[in-house]
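Me: Here is a chain to go through. I will ask how each label is earned, and I would like each value set against its definition.

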Amino acid sequence: MSSSDPRPSAVDDRSPNPPKTYEVRTYGCQMNVHDSERLSGLLEGAGYVRAPEGSDGDADVVVFNTCAVRENADNRLYGNLGRLAPRKASRPGMQIAVGGCLAQKDRDTIVKKAPWVDVVFGTHNIGKLPVLLERARVQEEAQVEIAESLEAFPSTLPTRRESAYAAWVSISVGCNNTCTFCIVPALRGKEKDRRTGDILAEIEALVGEGVSEITLLGQNVNAYGSDIGDREAFSKLLRACGRIEGLERVRFTSPHPRDFTDDVIAAMAETPNVMPQLHMPMQSGSDTVLKAMRRSYRQERFLGIIDKVRAAIPHAAITTDIIVGFPGETEEDFEQTMHAVREARFSQAFTFQYSKRPGTPAATMENQIPKEVVQARYERLVALQEEISWEENKKQVGRTLELMVAEGEGRKDGATHRLSGRAPDNRLVHFTKPDEEVRPGDVVTVEITYAAPHHLLAEGAVQSVRRTRAGDAWEKRTQETRDKAQGVMLGLPKIGVPEPLPAATGGCAVD
C-alpha cells in the first residue's frame, strides 16, 4: 500500500470489535474536495473505514466539510446537523465534526447552535481531526480548534483519493485578491505557495502509483510564485510537468485574468501533456461592475487573453464563471456581459445569480438587484450560452479524439450500452462500448458523430483501445475494495476523475 493511500488492510468481520465507520460530506469548491480526500485519508490512517454509499449519516463519525460562499450556507449546515441529532442521541459513541470555511468563520457559534457537535476545526488545521475526535471522546466535551495560519499543505497529508487514475495536486492555498463578493481570502488567508520541488515530487509519486492525469489546484493558480517574486513560476511549473514520464494529462484551476501572462500561454501551447483547456472566471463583462467587484481587469483585457490563447492553441476549450445581478448592475451592464459572452464563445459557462456572502463588502452595497430582475437576466444569459455551447460542440463533429475513459460520468451509459470519457479539452464524450475490455483510465480513439450542448457522441466503433498503467491502477484498487467488502461489507466507493470544471467565482465556489 502506498504512503499516499494509507487505507487499512482487509478486516475480518468476525472480529469482536469491528472497525468504526466514517462519512465525509463535502460542500463548495475543488479545494474543499481536495481537503475531504485528505480528511478521509487521515481517518483511514487512524483505523476508520469508509461507510457504505448511501449510508446517509449512519456512521460512527460524520464530518461536514463546509463552504461559506453562499448566503444560506449556515442554514444548510444547521439543518443537516439537526437531522443528525436524534440519530446521535440513539447511537452511543457516534461523533460529528464540522470543518471548512464555515467552521473557520463561525467557530464557537456552531457548538452553541448545535451542542451535539463534537469537533469544530478550520481550514488551516485539517490534519488535527483524528486527534480532536479522540480528545472529544476522552474528555466528553466539544473540541473547538481553529488555527489562524496554515499548519500543513493539504497535499502533504495522507489521502484517500476518489480516483485511482486522476488526482488533485495543491500548489498554493489562500488568495491575495480582495474581490468584494468573495469571503475566501478572509477564511483561507493570504496566498502561500508550496515549494516547486515538493509539488513535482508528489506528482512523480502519484504517477508511480498509476495516476496519469493531475489537476494543479489553487485559489489563484497563476499567481503561483508571488511568495518568491517569480512571475514566471507557474509557466515553469507547467513545463516541468511536461518532463515527468508517464504523466499524460495536466490541467489547472482556477487562474485569474490579472495574473494571466503570455509565458503561461506559451507553456500551455508548447508542453504536450498540458491539455488544451482553460477555465478562467470572467464574472462580468461590464467594466463598471468589474470595478465594483474589485476585479483588476476590464473586458478588453479579458477578451484579449482569450484571443491570445486561441491563436496559440486553436482547439482550446475555454470555460468561465459569470455572476448575474451584482449590486448596481444596470441593464446596460448586463448587455456588456452578453456582448462579452458572444465575443468569447465559451464552450461552457457556470452562471450564478448573485447571492449575498455575509462578511463581504458586496453584501452591504446599495442598489441590490430585485430577485425577479436577476432571474430574468440569468435566464437570458443561460439561453445565450446554451446556444453558443451547442454551436461550439457541433464544430467537434468529424474530429478524431483520444478519450480517457471515466467512471460515473455517463448516467445513461448502462441503458445505452455506452461508456464515457473526457477529450483532451475536457469535453464529455459518450462512446459505443467496444467488444474488448475497457477500464477507467484507459485511452480510446473515437470519431465524434453528434453534438449536444453539454456532451458529444461517438456512435461508431471505437478505432483503438490503449490499455494504460492508470487502468491497471483502477483495476487493482477495485479488486482491493471488493476484497475488503467481503470482510466489512462496505461496498464500492465512488470512483471517478475529479470534477472536470470548477463551479467557482473568483477562486471560490458556489455550493
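The exchange below takes up confidence, burial, strand pairing and cores in turn.

Me: What kind of model is this, and what do its values use?
Reply: This is a predicted model, where local features need pLDDT of at least 70, side-chain atom pairs count only at pLDDT 80 or more, and totals for chains, interfaces and linings use all residues. Residues are numbered from 1 along each chain as its sequence is written, and side-chain values use heavy atoms, with hydrogens and water left out.

Me: How do you know which stretches have low confidence?
Reply: By pLDDT, the predictor's confidence in each residue, from 0 to 100. The chain has a mean of 87, and 90% of its residues reach 70 or more. Residues 1–15 are below 50, with 30 contacts in the model beyond near neighbours in sequence. Contact means heavy atoms within 4.5 Å. Residues 488–511 also stay under 50, with 102 contacts beyond four places in sequence. Where pLDDT is low, the predicted coordinates should not be read in detail.

Me: Why is valine 62 called buried?
Reply: Buried means under 20% relative accessible area, exposed means over 50%, and partly exposed lies in between (1.4 Å probe, protein chains only). Valine 62 has 0% relative accessibility, so it counts as buried. Across the chain, buried residues make up 58% of the 511 residues.

Me: What does valine 62 touch beyond four places in sequence?
Reply: Its contacts are Glu23, Arg25, Gly57, Leu84, Met94, Gln95, Ile96 and Ala97. Leucine 84 is 22 residues apart from valine 62 along the chain, and their C-alpha atoms are separated by 9.2 Å.

Me: What makes strand 3 mostly covered?
Reply: Strands are DSSP runs of E, at least two residues; helices are runs of H or I, at least four; both are numbered from the N terminus. Strand 3 spans residues 61–66, and six of its six residues are buried. Val61, Val63 and Asn65 point one way, and Val62, Phe64 and Thr66 the other. In a regular strand the side chains alternate between the two faces of the sheet.

Me: How do you know that strand 3 pairs with strand 1 and with strand 4?
Reply: Two strands pair if DSSP finds at least two bridges between them. Strand 1 (residues 21–26) is joined to strand 3 by five, in parallel. Strand 3 and strand 4 (residues 95–100) share six, also in the parallel sense. Both counts meet the cut-off. Valine 24 is bridged to valine 63, and valine 62 to isoleucine 96.

Me: What makes strand 4 and strand 5 a pair?
Reply: Two bridges join strand 4 to strand 5 (residues 119–121) in parallel. The definition asks for at least two, so the pair qualifies. Valine 98 stands opposite valine 120.

Me: Why are strand 2 and strand 6 said to stand at the edges?
Reply: The open sheet has six strands in the order 2-1-3-4-5-6. Strand 2 (49–50) and strand 6 (143–145) each have a single partner strand, so one side of each is left without a neighbour in the sheet.

Me: What makes a set of residues a nonpolar core?
Reply: Its members are buried Ala, Val, Leu, Ile, Met, Phe, Trp, Tyr and Cys residues joined through side-chain atoms within 4.5 Å. The largest has 92 residues; Ile203, Leu216, Phe234 and Leu238 touch the most other members. Helix 8 (residues 233–241) gives the most, with six residues.

Me: Why does this core lie between domain 1 and domain 2?
Reply: Domain bounds come from an automatic or database domain assignment. Domain 1 (21–145) and domain 2 (166–395) both give residues to the core, so it lies between them. A second, separate core of 16 residues includes Leu42, Leu129, Leu132 and Ala136.
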